[in-house]
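Me: Please take a close look at one loop in this protein, and then work outwards from there to the helices and side chains around the chain. I would like the reasoning spelled out.

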Amino acid sequence: MENEQNVKKRSWLKVPHTYTIIFAIIFLAGIASYIIPAGEFDRVEDEEGRMLVVDGSYHHIESDPVSFFEMFTAIPMGLEKGAQIIFYIFLVSGVFGIIRSTGAIEAGVYKGVKALEGREKLLIPLSMILFSVGGFTMGMAEETIIFVPIGVAIARAMGFDAVTGTAMITLGAASGFFGGMLNPFTVGVAQSLADVPLFSGIGFRAVVYIFVLGFAIFYVSRYAFKVKKNPQASVIYDIEQKAKSTVSEIDIPTLTGKHKFVFIVMACGIGFNIYGVFNWGWFLTQLTASFLIMGLIAGLIGGLKPATIFDSFIDGAKAVTFGALIVGFARAITVVLEQGKIIDTIVYAASETIGHLPHAISAIGMLFIQALLNLFISSGSGQAAATMPIMIPITDLLGLERQVAVLAFQYGDSLTNSIIPTSSALMAYLAVAGIPYEKWIKFIWKMILGWAVIACLALIAAVAIGIT
């Protein structure tokens, strides 16, 4: 009954389906091709093979509006243009599906968290660090849902509340997602669209990640021990009085020798990928092949039969159908803007609007634009596909490094994932933990504000040092 009431309370937060929004934008782009003057910039190829817009070269050209039928043909064309990224997402997610089927991730995490039982001061920092690794290596988000019950159970057993148990799991992963050093689904996709070296700027991102994670640990720990000292300080005090749980009620998987070998394979695979990217110039195709090899070996070592390996692979790929296909649909927006010959006009107008502003302020503006768009396009890879084709030419015209545009996207996308009502992962783990959305907002809004300050300072630093 309580969950039903929570759903009713949140009904006003409901927004249109993401694909509905994408379709609407495609049609608006088509209509805009009849209204906005056509124009284009001259482009030149730099020494790295990237096509750069030439500042001051914008000029009007003959209008070429997009027909109603062409708005629909833009969708398969968008899927075709985004094919490499789309299949990369499908295949890499399939590999993680295999690894999850071995039970290694669940067993390892449960073992680690349970080992901290009775060590209150270590529980929150080490749990959040552990989950943050999943966030910056494989973009862990929805995957945290299965760990929320044990987090809640252990937190309550230690005198904390369900908010603490949920936060130490999900905000740990969110901190890693924010850092994104090796996240193939956000940073990897955005950098490929920006035509910058894959996972470049890893050192800068790692430093920002430390600040983001450190602030999250401080914030959650401060709240948790305040609740332990005074249970009435809990934002869900009334719920805590009704809901009691113990760790013994949770079925804890056993960490076996096979699971340990799976972790070794994962560590070697990720390490091999990092080496390939920075020493052999690997890109999405090579990374996908390496991930496939890692997944097959991990599945066999984890005791899965060949049929089970590929069933798990398909399940993993199916789980990201929403996010993978939205990349193609989002690219369709760019196709319409390009066919209507108005994308450069939009870029020109935007650059003229913010061109007189300091570069750091322009970068922060990009951050908040991305954060706003995340409310409507909650898929990180889909948002990258929709926005990077516009943001990159703007950064070129402003004289900013393209890495700054990637950072603005990355931080804008990550900043609001833990607070927006359109995040399926957020709503799912709040439902599992029995936390009303409005109570979660009361708990987290100050932390999001702190993350926003860190992100703004990071962008100012990135502009100042000219990160590449």
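Reply: K341 is found in the loop between α15 (321–339) and α16. This is a predicted model, and everything below describes that model. The backbone angle phi of K341 is near 60°, a positive value in a residue other than glycine. Most residues other than glycine have a negative phi. As for exposure, K341 has a relative accessibility of 34%, which lies between the limits of 20% and 50%, so K341 counts as partly exposed.

A second loop residue can be described in similar terms. D195 is not a glycine, yet its phi is positive, at about 60°. D195 lies in the loop between α9 (187–194) and α10 (202–229). Its relative accessible area is 39%, so D195 is partly exposed.

The loop of K341 leads on to α16, and α16 (343–354) is one of the elements covering the buried residues of α17. The others named there include α18 (380–398), α19 (402–415) and α21 (437–465). The buried residues of α17 are A360, S362, A363, I364, M366, L367, Q370 and A371. The length of α17 can be checked by simple arithmetic. This helix has 15 residues, 359–373, and at 1.5 Å a residue it should span 21 Å. The C-alpha atoms at its ends are 21 Å apart, so the expected span and the model agree.

Of the elements that cover α17, α21 also matters for the count of core residues. The largest nonpolar core holds 149 residues, and L171, Y411, W440, F443 and W451 touch the most other members. α21 gives this core its largest share, 14 residues. In soluble globular proteins, nonpolar side chains tend to be buried together. F443 is worth following further. Leaving out residues up to four places away in sequence, F443 touches V163, A167, L171, Y219, V220, Y223 and V235. F443 also belongs to a cluster linked by ring pairs, together with F215, F218, Y219, Y223, Y429 and W440. Y219 and Y223 therefore appear twice, as contacts of F443 and as members of its ring cluster.

Ring pairs can be followed across the whole model. A search of the whole structure finds 23 aromatic pairs. In one of them, the rings of F27 and F68 have centres 5.9 Å apart and planes at 35°; that angle falls between 30 and 60 degrees, so the pair is tilted. F27 sits in helix α2 (residues 18–32) and F68 in helix α3 (residues 68–81), so this pair links parts of the chain that are 41 residues apart. The two rings are not equally accessible: F27, at 24%, counts as partly exposed, whereas F68, at 56%, counts as exposed.

F136 and Y209 form another aromatic pair, with 5.2 Å from centre to centre and 75° between the planes, which makes it edge-to-face. F136 lies in helix α6 (residues 120–138) and Y209 in helix α10, so the pair ties together parts that are 73 residues apart in sequence. Both F136 and Y209 are buried. A ring can also have a charged side chain over it: K228 lies over the face of F160, at 5.7 Å from the ring centre.

That leaves the pairs of opposite charge. Side chains of opposite charge can pair when their charged atoms come close. The count comes to 3 salt bridges. R156 and E240 meet in one of them, at 2.8 Å from N to O. This pair links distant parts of the chain, since R156 is in helix α7 (residues 148–157) and E240 in helix α11 (residues 237–242), 84 residues apart. R156 and E240 are both buried.

R402 and D396 meet in a salt bridge too, at 2.9 Å from N to O. R402 has a relative accessible area of 6%, so R402 is buried. D396, at 17%, is under the limit of 20% and therefore also counts as buried.

The salt bridge between K318 and D315 spans 3.6 Å from N to O. Both residues lie in helix α14 (residues 306–318), 3 residues apart, about one turn of the helix. K318 counts as exposed because its relative accessibility is 53%, and D315, at 44%, is partly exposed.

Terms used: Residues numbered from 1 in each chain as written. Predicted model: local features only at pLDDT ≥ 70, side-chain atom pairs only at ≥ 80, totals over all residues. Heavy atoms only, no water. Helix = DSSP H or I, 4+ residues; strand = E, 2+ residues; numbered from the N terminus. Expected span 1.5 Å × (residues − 1). Buried < 20%, exposed > 50% of the residue type's maximum accessible area, 1.4 Å probe, protein only. Contact = heavy atoms within 4.5 Å. Phe/Tyr/Trp six-rings, centres within 6.5 Å; stacked < 30°, edge-to-face > 60°. Lys NZ or Arg CZ within 6 Å of the ring centre and 35° of its normal. Salt bridge = Lys/Arg side-chain N within 4 Å of Asp/Glu carboxyl O. Core = buried A, V, L, I, M, F, W, Y, C linked by side-chain atoms within 4.5 Å.
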